[in-house]
Amino acid sequence: MAEPQPVAPAPVAAEVPPQRIAAALVVGWLVPGAGHAMLGRLRRGIVFFVLIMGSFGLGLAHDGRLALYSPREGFLTGLQLVANVGVGPADLLARMSVYGEAAYVVPETSAPNYRQRIETFRDRQRSAVSAYGTAYLWSAGLMNLLLLMDVWDIAKRRKD
Amino acid sequence: MRSHFAHLTLYSGIIATFFSVLSRRDRREQLRFGVMVWLAMAGGVIALAYLMLPFPR
(Lines give C-alpha, C1' and ligand atoms only; values in the text may rest on other atoms or scores of the structure.)
Protein backbone atom coordinates (compact mmCIF):
# COMPACT_ATOMS: atom_id res chain seq x y z
CA MET A 1 0.00 0.00 0.00
CA ALA A 2 1.37 3.36 -1.00
CA GLU A 3 2.23 5.72 1.80
CA PRO A 4 0.25 8.96 1.82
CA GLN A 5 2.29 11.81 0.40
CA PRO A 6 2.71 14.84 2.65
CA VAL A 7 0.54 17.67 1.45
CA ALA A 8 2.56 20.75 0.49
CA PRO A 9 1.29 23.93 2.17
CA ALA A 10 -0.48 26.37 -0.11
CA PRO A 11 1.88 29.09 -1.34
CA VAL A 12 1.48 32.29 0.64
CA ALA A 13 1.50 35.43 -1.48
CA ALA A 14 4.35 37.74 -0.59
CA GLU A 15 3.39 40.84 1.34
CA VAL A 16 3.46 44.11 -0.50
CA PRO A 17 6.27 46.36 0.80
CA PRO A 18 5.03 49.36 2.83
CA GLN A 19 6.44 51.89 0.33
CA ARG A 20 4.48 50.24 -2.45
CA ILE A 21 1.30 50.25 -0.33
CA ALA A 22 1.76 53.97 0.38
CA ALA A 23 2.39 54.64 -3.32
CA ALA A 24 -0.72 52.66 -4.32
CA LEU A 25 -2.83 54.65 -1.84
CA VAL A 26 -1.52 58.01 -3.07
CA VAL A 27 -1.83 57.06 -6.74
CA GLY A 28 -5.30 55.62 -6.04
CA TRP A 29 -6.41 58.94 -4.57
CA LEU A 30 -4.86 60.93 -7.43
CA VAL A 31 -6.44 58.79 -10.16
CA PRO A 32 -9.43 56.67 -9.12
CA GLY A 33 -8.76 53.00 -9.83
CA ALA A 34 -5.02 53.47 -10.36
CA GLY A 35 -4.24 51.95 -6.95
CA HIS A 36 -5.89 48.72 -8.05
CA ALA A 37 -4.05 48.83 -11.37
CA MET A 38 -0.76 49.24 -9.47
CA LEU A 39 -1.50 46.10 -7.47
CA GLY A 40 -2.16 44.11 -10.64
CA ARG A 41 -5.95 44.53 -10.80
CA LEU A 42 -5.95 46.49 -14.05
CA ARG A 43 -9.41 45.54 -15.31
CA ARG A 44 -11.03 46.31 -11.98
CA GLY A 45 -9.13 49.61 -11.86
CA ILE A 46 -10.45 50.62 -15.27
CA VAL A 47 -14.05 49.81 -14.26
CA PHE A 48 -13.67 51.87 -11.07
CA PHE A 49 -12.12 54.77 -12.99
CA VAL A 50 -14.99 54.85 -15.47
CA LEU A 51 -17.64 54.63 -12.72
CA ILE A 52 -16.10 57.28 -10.47
CA MET A 53 -15.16 59.77 -13.16
CA GLY A 54 -18.53 59.20 -14.83
CA SER A 55 -20.30 59.98 -11.57
CA PHE A 56 -18.04 63.00 -11.03
CA GLY A 57 -18.73 64.31 -14.56
CA LEU A 58 -22.48 63.87 -14.12
CA GLY A 59 -22.22 65.74 -10.82
CA LEU A 60 -20.45 68.70 -12.40
CA ALA A 61 -22.82 68.74 -15.36
CA HIS A 62 -25.78 68.89 -12.95
CA ASP A 63 -24.44 71.76 -10.82
CA GLY A 64 -23.49 69.53 -7.89
CA ARG A 65 -22.32 71.23 -4.73
CA LEU A 66 -18.61 71.93 -4.40
CA ALA A 67 -18.79 72.36 -0.65
CA LEU A 68 -17.12 75.23 1.19
CA TYR A 69 -16.01 74.74 4.77
CA SER A 70 -17.76 77.08 7.16
CA PRO A 71 -16.68 77.24 10.83
CA ARG A 72 -20.30 78.02 11.76
CA GLU A 73 -21.35 74.55 10.57
CA GLY A 74 -17.94 72.95 10.88
CA PHE A 75 -19.00 69.32 11.23
CA LEU A 76 -21.45 69.15 8.33
CA THR A 77 -19.49 71.30 5.91
CA GLY A 78 -16.34 69.38 6.89
CA LEU A 79 -17.99 66.08 5.96
CA GLN A 80 -19.21 67.58 2.68
CA LEU A 81 -15.69 68.73 1.90
CA VAL A 82 -14.31 65.24 2.60
CA ALA A 83 -16.87 63.76 0.18
CA ASN A 84 -15.80 66.28 -2.48
CA VAL A 85 -12.05 66.00 -1.96
CA GLY A 86 -12.18 62.18 -1.88
CA VAL A 87 -12.22 62.11 -5.67
CA GLY A 88 -8.69 63.56 -5.85
CA PRO A 89 -7.23 66.46 -7.84
CA ALA A 90 -10.23 66.41 -10.18
CA ASP A 91 -12.03 68.26 -7.39
CA LEU A 92 -9.38 70.99 -7.40
CA LEU A 93 -9.71 71.39 -11.17
CA ALA A 94 -13.49 71.63 -10.81
CA ARG A 95 -13.12 74.34 -8.16
CA MET A 96 -10.68 76.29 -10.31
CA SER A 97 -13.18 76.15 -13.15
CA VAL A 98 -16.29 76.97 -11.06
CA TYR A 99 -14.95 79.47 -8.49
CA GLY A 100 -11.96 80.69 -10.51
CA GLU A 101 -9.61 79.73 -7.64
CA ALA A 102 -8.85 76.88 -5.23
CA ALA A 103 -11.82 77.68 -2.98
CA TYR A 104 -12.38 75.40 0.00
CA VAL A 105 -13.56 77.80 2.72
CA VAL A 106 -16.28 80.42 3.13
CA PRO A 107 -14.19 83.60 3.37
CA GLU A 108 -14.64 86.32 5.99
CA THR A 109 -17.51 88.65 5.13
CA SER A 110 -15.00 91.50 4.83
CA ALA A 111 -12.83 89.59 2.33
CA PRO A 112 -12.87 90.99 -1.23
CA ASN A 113 -13.80 87.61 -2.75
CA TYR A 114 -16.63 86.87 -0.29
CA ARG A 115 -19.54 88.06 -2.44
CA GLN A 116 -18.32 86.42 -5.64
CA ARG A 117 -17.66 83.04 -3.99
CA ILE A 118 -20.97 82.93 -2.12
CA GLU A 119 -22.91 84.02 -5.20
CA THR A 120 -21.30 81.28 -7.29
CA PHE A 121 -22.07 78.74 -4.57
CA ARG A 122 -25.72 79.85 -4.29
CA ASP A 123 -26.23 80.05 -8.05
CA ARG A 124 -25.30 76.41 -8.40
CA GLN A 125 -27.49 75.46 -5.47
CA ARG A 126 -30.49 77.26 -7.00
CA SER A 127 -30.28 75.09 -10.11
CA ALA A 128 -33.21 72.67 -10.47
CA VAL A 129 -30.89 69.70 -10.88
CA SER A 130 -28.37 70.58 -8.17
CA ALA A 131 -29.63 67.88 -5.77
CA TYR A 132 -28.94 65.20 -8.37
CA GLY A 133 -25.55 66.68 -9.14
CA THR A 134 -24.59 66.74 -5.49
CA ALA A 135 -25.53 63.07 -5.09
CA TYR A 136 -23.31 62.13 -8.05
CA LEU A 137 -20.41 64.33 -6.91
CA TRP A 138 -20.33 63.19 -3.31
CA SER A 139 -20.86 59.55 -4.27
CA ALA A 140 -17.84 59.78 -6.58
CA GLY A 141 -15.65 61.06 -3.71
CA LEU A 142 -16.94 58.52 -1.22
CA MET A 143 -16.55 55.65 -3.69
CA ASN A 144 -12.91 56.64 -4.21
CA LEU A 145 -12.31 56.70 -0.45
CA LEU A 146 -13.82 53.20 -0.23
CA LEU A 147 -11.47 52.11 -3.01
CA LEU A 148 -8.49 53.28 -0.97
CA MET A 149 -9.61 50.98 1.86
CA ASP A 150 -9.94 48.18 -0.69
CA VAL A 151 -6.40 48.87 -1.94
CA TRP A 152 -5.18 48.59 1.66
CA ASP A 153 -6.95 45.24 2.12
CA ILE A 154 -5.58 43.86 -1.16
CA ALA A 155 -2.05 44.98 -0.27
CA LYS A 156 -2.34 43.36 3.17
CA ARG A 157 -3.59 40.14 1.52
CA ARG A 158 -6.86 40.29 3.39
CA LYS A 159 -8.64 40.27 0.07
CA ASP A 160 -8.03 38.96 -3.44
CA MET B 1 -31.42 65.75 -17.69
CA ARG B 2 -34.36 66.48 -15.42
CA SER B 3 -36.18 63.17 -15.27
CA HIS B 4 -36.35 61.75 -11.74
CA PHE B 5 -36.75 58.26 -13.14
CA ALA B 6 -33.74 58.54 -15.46
CA HIS B 7 -31.59 59.72 -12.55
CA LEU B 8 -32.94 56.95 -10.34
CA THR B 9 -32.02 54.24 -12.85
CA LEU B 10 -28.65 55.78 -13.72
CA TYR B 11 -27.56 56.46 -10.14
CA SER B 12 -28.69 53.01 -8.99
CA GLY B 13 -26.81 51.51 -11.93
CA ILE B 14 -23.55 53.26 -11.01
CA ILE B 15 -23.79 52.29 -7.34
CA ALA B 16 -24.86 48.70 -8.06
CA THR B 17 -22.01 48.19 -10.54
CA PHE B 18 -19.48 49.71 -8.15
CA PHE B 19 -20.42 47.50 -5.21
CA SER B 20 -20.74 44.35 -7.30
CA VAL B 21 -17.22 44.79 -8.72
CA LEU B 22 -15.89 45.77 -5.29
CA SER B 23 -17.34 42.89 -3.33
CA ARG B 24 -17.59 39.96 -5.76
CA ARG B 25 -14.92 38.27 -7.89
CA ASP B 26 -16.80 35.82 -10.07
CA ARG B 27 -18.45 37.40 -13.12
CA ARG B 28 -21.80 35.65 -12.59
CA GLU B 29 -21.78 36.53 -8.90
CA GLN B 30 -21.11 40.15 -9.81
CA LEU B 31 -24.04 40.18 -12.20
CA ARG B 32 -26.38 38.59 -9.66
CA PHE B 33 -25.32 40.91 -6.87
CA GLY B 34 -25.45 43.99 -9.12
CA VAL B 35 -28.95 43.21 -10.32
CA MET B 36 -30.07 42.62 -6.72
CA VAL B 37 -28.65 45.93 -5.52
CA TRP B 38 -30.11 47.79 -8.50
CA LEU B 39 -33.54 46.24 -7.95
CA ALA B 40 -33.40 47.00 -4.24
CA MET B 41 -32.53 50.65 -4.89
CA ALA B 42 -34.84 51.35 -7.83
CA GLY B 43 -37.63 49.07 -6.60
CA GLY B 44 -37.38 50.46 -3.07
CA VAL B 45 -37.79 54.02 -4.29
CA ILE B 46 -40.75 53.11 -6.52
CA ALA B 47 -42.39 51.19 -3.67
CA LEU B 48 -41.88 54.12 -1.30
CA ALA B 49 -43.27 56.54 -3.88
CA TYR B 50 -46.31 54.29 -4.32
CA LEU B 51 -46.87 54.19 -0.55
CA MET B 52 -46.68 57.97 -0.41
CA LEU B 53 -49.22 58.39 -3.22
CA PRO B 54 -52.24 58.79 -0.88
CA PHE B 55 -50.43 61.60 0.96
CA PRO B 56 -49.91 64.43 -1.52
CA ARG B 57 -48.22 67.64 -0.39
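# Reading helices and contacts: a dialogue

Author: Welcome! Let us start where the two chains meet: the contact takes 15 residues from chain A and ten residues from chain B. Keep in mind that this is a predicted model.

Reader: Which elements give two or more residues to the side of chain A that touches chain B?

Author: They are helix H3 (42-61) and helix H7 (130-155) of chain A. By class, that side of chain A has nine nonpolar, three polar and three charged residues.

Reader: Thanks! How are two packed helices described?

Author: Two numbers do the job: the angle between the axes and the distance between the axes. Now try chain B, where helix H1 (residues 4-23) and helix H2 (residues 27-52) pack at an angle of about 145°, with axes 8 Å apart.

Reader: Is the crossing of H1(B) and H2(B) left-handed or right-handed?

Author: The crossing is right-handed. To find the contact on screen, look in H1(B) for residues including B:Leu8, B:Ile15 and B:Phe19, and in H2(B) for residues including B:Phe33, B:Val37 and B:Trp38. The residues of this contact divide into eleven nonpolar, eight polar and no charged.

Reader: Back to chain A, please. How many residues has helix H1 of chain A, and how far does it reach?

Author: Helix H1 (residues 18-30) of chain A has 13 residues and reaches 18 Å from its first C-alpha to its last, close to the 18 Å expected at 1.5 Å a residue.

Reader: Which residues in H1(A) are buried?

Author: A:Ala24, A:Gly28 and A:Trp29 are buried. Seen down the axis of H1(A), the buried residues fall within an arc of 125°, so they line one face of the helix. Among what covers them are helix H2 (34-38) and H7 of chain A. The face turned away from the buried side carries the exposed residues A:Gln19 and A:Ala22.

Reader: One last feature: what is phi at A:Asp63, and where does A:Asp63 lie?

Author: A:Asp63 has a positive phi of about 55°, although it is not a glycine. You will find A:Asp63 in the loop between H3 and helix H4 (74-85) of chain A. A:Arg157 also has a positive phi, near 60°, in a residue other than glycine, and A:Arg157 is found in the segment after H7 of chain A.

Reader: Is A:Asp63 buried or exposed, and what about A:Arg157?

Author: Count the neighbours! A:Asp63 has 21 other C-beta atoms within 10 Å, so it is buried. A:Arg157 has 12 other C-beta atoms within 10 Å, so it is exposed.

Terms used. Residues are numbered from 1 along each chain as its sequence is written. Chains are lettered from A and ligands numbered from 1 in the order in which they are written. This is a predicted model: local features need pLDDT of at least 70, side-chain atom pairs count only at pLDDT 80 or more; totals for chains, interfaces and linings use all residues. Axes are lines fitted to C-alpha atoms, for helices over the stretch in contact, and angles run from 0 to 180 degrees between N-to-C directions. Helices (H or I, at least four residues) and strands (E, at least two) are DSSP runs, numbered from the N terminus. A crossing is left-handed if the near helix is turned anticlockwise from the far one by less than a right angle, and right-handed if clockwise. Two residues are in contact if their C-beta atoms, placed from the backbone, lie within 7 Å. Ala, Val, Leu, Ile, Met, Phe, Trp, Tyr, Cys and Pro count as nonpolar, Asp, Glu, Lys and Arg as charged, and the others, Gly among them, as polar. A residue is buried if 20 or more other C-beta atoms lie within 10 Å of its own, exposed if 12 or fewer, and partly exposed in between; C-beta atoms are placed from the backbone. The expected span of a helix is 1.5 Å times one less than its number of residues. The arc is that of the directions from the helix axis to the C-beta atoms.
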